[in-house]
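Here is a quick tour of a protein model, stop by stop. Have a look at the structure first, then read on.

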Amino acid sequence: MNKFSFASPAVAGEAIEIVASEPGSMYVAGGTNLLDLWKYNITQPDLLVDINKLDNHHAIERLPDGGLRLGALATNAATAYHPMIEERYPLLSKTILAGASPQIRNMATNGGNLLQRTRCYYFYDVNTPCNKREPGTGCSAIGGYNRIMGILGTSDDCIATFPSDMCVALAALDARVNVSGPKGERTIPFADFHRLPGDHPEIDNDLRKGELITSIDLPPDNLTTHNSYLKIRDRNSYAFALVSVATAFELENGTIKDIRIALGGVAHKPWRVPEAEAALIGRQPDDESFALAAEIILRGAKPYTFNSFKIELAKRAIIRNGRMALNPSSQLPGARPSA
Ligand SMILES: Cc1cc2nc3c(=O)[nH]c(=O)nc-3n(C[C@H](O)[C@H](O)[C@H](O)COP(=O)(O)OP(=O)(O)OC[C@H]3O[C@@H](n4cnc5c(N)ncnc54)[C@H](O)[C@@H]3O)c2cc1C
Ligand code: SF4
């Protein structure tokens, strides 16, 4: 490990000033991703700025418009089990609890969750070329073992996926990310926060040097009755998604009034296709409707040598999760989704 300095300011402005002005500096929150990347020699900060002592960024509180504000430093566990989240945003609670382990969720923060890096094997292996880790060196995954990689929005430079579960719900819920930086404060719609790899896969998101995520806002909505998160992975706990689906909808007179479908494990960012959601408005919440959405969402999917199975898996997961959202009792452990 490289030699490094450490700072632990109590004021956000001070933390921002340090990270904006010191080239080798980085924020650390729960440390559950940063410390791994450091141990694998993927990142070597010269100056670590611990943000855990900052005031005002730990709370979960109501917004005047009826929505909720999640502090960036609230832990994933505190967020998932918060009574207002469980009652009003159960989809968010379900996605967080589908990720990592209780110990990690106790440390991991909401801001850090948005900024976790890909789990591509080659990204973690510093002896192999990787454009995300070292721009211009090539992508080992494209011609390599690419079973866990993306099928949507990939580029000739990178086919990695973004691994967060929580962010799949935040995408579905139209969250907004509040950031504070050297040039002031701004709010980024969730759909614009994470990037596709394009020809700059080293850039994961829209944050600029020194910007600090201060909170995440959830708009008020009516998606609490019918929602479900289906995470398909190689083992039932402590594993990242091969494909995941967050579905939430509101019914009126038995037909769909509003619906959100977001996918994880398939792209460099949570994947939503507004056209697929629009196509379901006014339709019955049945297999035929969810199959229609699945066809639209997977249109243009591009398989690689070892991951073509993800296309069919994603389509079936969208249909199955639609049924599970319609019939929440089918989500109980051991219960079968209704036929
Ligand atoms: C074994 C293991 C299994 C896991 N399984 C899953 C899983 O199944 N699903 C899932 O979704 N996640 C999983 N995770 C990832 C975990 O959720 C993330 O590591 C965690 O959310 C990161 O939060 P953190 O606070 O620890 O971030 P840190 O590690 O402290 O920071 C991560 C990055 O964010 C930056 N940062 C942190 N906070 C801020 C802020 N407020 N503003 C600006 N920059 C900031 C840091 O500089 C760093 O670059 C797993 C992690 C581990 C170790
Ligand atoms: S897919 Fe992306 S992260 Fe993985 S090796 Fe290729 S460039 Fe690196």
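## A partly exposed Phe

Keep in mind that this is a predicted model. Let's start with Phe-4, which counts as partly exposed because its relative accessibility is 36%, and partly exposed covers the range between the 20% and 50% cut-offs. You'll find Phe-4 in the segment before β1 (5–7).

Phe-4 also has company: together with Met-1, Phe-6 and Leu-35, Phe-4 makes a nonpolar surface patch of about 420 Å².

## A covered strand with two partners

Now go to strand β8, residues 212–218. This strand is mostly covered, with 7 of its 7 residues buried.

Which strands does β8 pair with? One of them is β5 (residues 68–71), in an antiparallel pairing with 4 bridges. To spot this pairing, look for Leu-68, whose bridge partner in β8 is Leu-218. Strand β6 (residues 176–181) is also antiparallel to β8, and here the pairing has 5 bridges. In this case, try Asn-178: its bridge partner in β8 is Ser-215.

## Two residues with positive phi

Most residues other than glycine have a negative phi. With that in mind, check out Asn-56: it isn't a glycine, yet its phi is positive, at about 70 degrees. Asn-56 sits in the loop between β3 (47–50) and β4 (60–62). Is Asn-56 buried or exposed? With a relative accessible area of 71%, Asn-56 is exposed.

Tyr-238 is another non-glycine residue with a positive phi, near 60 degrees. Its place is the loop between β9 (226–232) and β10 (243–252). Tyr-238 has a relative accessible area of 49%, so it counts as partly exposed.

Note on methods:
Residues are numbered from 1 along each chain as its sequence is written. Chains are lettered from A and ligands numbered from 1 in the order in which they are written. This is a predicted model: local features need pLDDT of at least 70, side-chain atom pairs count only at pLDDT 80 or more; totals for chains, interfaces and linings use all residues. Side-chain values use heavy atoms; hydrogens and water are left out. Patches are made of residues with over 30% relative accessible area and no salt bridge: like charges are joined within 9 Å, nonpolar side chains (Val, Leu, Ile, Met, Phe, Trp, Tyr) within 5 Å. Accessible areas come from the Shrake-Rupley method with a 1.4 Å probe; for residues, only the protein chains shown count as cover. A salt bridge is a side-chain nitrogen of Lys or Arg within 4 Å of a carboxyl oxygen of Asp or Glu. Buried means under 20% relative accessible area, exposed over 50%, partly exposed in between (1.4 Å probe, protein chains only). Two strands pair if DSSP finds at least two bridges between them.
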